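With the model open in your viewer, please follow the stops below in order, selecting each residue or region as it is named.

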Amino acid sequence: MIKNSCRIAVIGGGAAGMMAAIWAARSGAKVTLFEKNEKLGKKIYITGKGRCNVTNACEVEDLFPHMVSNKNFLYSSFYSFTNEQTMEFFEELGCPLKMERGKRVFPVSDKSSDVIRALSRELDRLGVKIRLRTAVTELIIKDGQAQGVICGKDIYQADAVIVATGGLSYASTGSTGDGYQFAKDAGHKVTATRPSLVPFEIKGDICSQLQGLSLRNCQMTIYDGKKKLYDDFGELLFTHFGISGPLVIRASAYVGKKLQEHPCQVNLDLKPALTKEQLDHRILKDFEKFSNKQFKNALNELLPKKLIPIIIDLSGIDPEKKVNIITKDERKNLVSVIKQFALTVTGVRGFSEAIITQGGIFVKEVDPGTMESKLVQNLYFAGELLDLDAVTGGFNLQIAWSTGYLAGTNCVIKYMEE
C-alpha cells in the first residue's frame, strides 16, 4: 500500500524512461511521463538498424566483460533485473523474441516498432499519463529534495523525479543533453562526454578509393606510437571518410578518447588466417600460375578487385612487371603490405553517427542499489545519461532496462507503508 498516492515524474520516453515508468506504476505509484518528442521511443526505433537488439542472452555474469565504463556500478542493476528477466518481460508484453549470432536478441518480427508498441501498451494499461511534446525545463528541488518538474510555465508537483533523458548520440531523436544540465543544477558532476560506438576518420584518400569495400575477416591493431591500444578481429567497411563496420565500432568504445587527443595508427592484417610465410607461399603459387602475366593482373585470386591497385601502389612494384621476374625482396615487401596495411586515424565521427554517448553523470554520486542521487533525495537517474556504456550486442539496452527497473521500483519503496 502506498502512502498519500505517491506521484512519480519521469523525464524521457526512451528505453530507460519507459521502463522506469512501468515499474513505478506496477509498484502502485501515480506516474507521469514527460517526453519532448511527438512520440515515445524514437531512439529505440532506429537501434539495431531498425530491428532493435533488445538484449544479449549470455549468462548474467558474462554481461560485465562487455561493459566499458564503470562495470562494477552495474552489479545491483544486472542482478536485480537480469537479461533473462528482460526477455521474459517482453514476451509477457506480447513481443516474442529470437536469438541470433552472438546471442543477440531481437523481436521475431525484426521490427523495433513492436518493442515500442509493447512498452506503450503496458504504459497505457497501467494508467501512466503521457505528456508528449512537453519539454521539462527545470527540476524543482527544495530542502535537498526533488519535488517536481517545471515545463515552461507549468509546474508539476511530484514525490520523486526520475531523469532518463539519454545522452548526446542521435540528437535528432531528442538526445540533446538536457539531463546533464538537470544533474549539474542538482549539484552533480558530469564527466566529459564523447561519441562512442562510432566510425573512424582516416587521413588521406585511400579509404575513399576503397569506399563500399567490406572485409569480413580482418585483424585490426591500433597503436599510439609503439604502444598497442587495441587488437581485434572481425568485419570492416571502407567509407568515403574512413573505416566503419562492427570491428571499428567496437574498437571506438575502448580507444575513442585517445583518438580524440591525437592521431593513432591502425594496422590491418588483410590475410589474418595466414602467417607471413604461408602468405608468401600462397603468392608464389599464384605467381607460378600467372608467370607470364603482368603484376597488376596476377592478384585477382588473392585480393578483392577494388583493393588491388592500392596494394600494388603501396608495394612499390611496377604494375607492368612480369611476375616471373619479381624478386624475393619485392615479394616480401608485398607480404608486409598485406599483413600490415597501415592507416592513420585522425579522429572519430561525431554524435550524429554515434550509437551511444560515453561519459555522463558521475556514478559515485549515485546509489548503485537504487539509482537515487546521493546529493538530492527523491531524485533518480537511469540509462545512457549515467557514465555507463558497453560494446554492441544488446548490452547498452540492457543497461537501460536494468537501471530503469531499479529507479522505477526504488522511488516508490520509501512510500510503502509498513
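## A buried aspartate and its partners

Begin by selecting the side chains of D389 and Q358, which are joined by a polar contact of 2.9 Å, in what is a predicted model. Add S69 to the selection, and a second polar contact appears, this one of 2.5 Å between the side chains of S69 and D389. In the secondary structure, D389 belongs to strand 21, which covers residues 389–390.

Which side chain of opposite charge is nearest to D389, and how far away is it? It is R194, at 6.8 Å, and D389, although buried, has no salt bridge. To see the surroundings of D389, display M67, V68, S69, S196, I356, T357, Q358, N396 and I399, which D389 touches when residues up to four places away in sequence are not counted.

## A buried arginine in a loop

Next, select R349, which is found in the loop that runs between strand 18 (341–348) and strand 19 (356–358). Is R349 buried or exposed? Its relative accessibility is 17%, and because the cut-off for buried is under 20%, R349 counts as buried.

Showing E201 alongside R349 brings up a polar contact of 2.9 Å between the two side chains. Apart from neighbours within four places in sequence, the residues in contact with R349 are P195, V198, P199, E201, H240 and F241.

## A partly exposed aspartate

Move now to D318, in the loop between helix 10 (308–315) and helix 11 (328–339). With a relative accessible area of 43%, D318 is partly exposed. Here the contact to display involves the backbone, since a polar atom of the D318 side chain lies 3.0 Å from the backbone nitrogen of E320. If you then pick the C-alpha atoms of D318 and D124, you will find them separated by 70 Å, the two residues being 194 residues apart along the chain.

## The second largest pocket

For the last stop, select R7, K30, V31, T32 and K129, which, among the 17 residues lining the second largest pocket, lie nearest its centre. Two or more lining residues come from each of strand 1 (7–11), strand 2 (30–34), strand 7 (129–131) and strand 10 (154–157). Which of the elements gives the most to this lining? It is strand 2, with 4 residues. The space in the second largest pocket amounts to about 240 Å³.

Notes
Residues numbered from 1 in each chain as written. Predicted model: local features only at pLDDT ≥ 70, side-chain atom pairs only at ≥ 80, totals over all residues. Heavy atoms only, no water. Buried < 20%, exposed > 50% of the residue type's maximum accessible area, 1.4 Å probe, protein only. Lys, Arg positive; Asp, Glu negative; His and termini not counted. Salt bridge = Lys/Arg side-chain N within 4 Å of Asp/Glu carboxyl O. Polar contact = N/O pair within 3.5 Å; in protein donor to acceptor, adjacent residues only side chain to side chain. Contact = heavy atoms within 4.5 Å. 1 Å grid on protein atoms, 1.4 Å probe; cavity = no way out; pocket = protein on both sides within 12 Å on 5 of 7 lines; lining within 4 Å. Points joined across faces, edges and corners; volume = space filled by probe spheres on them.
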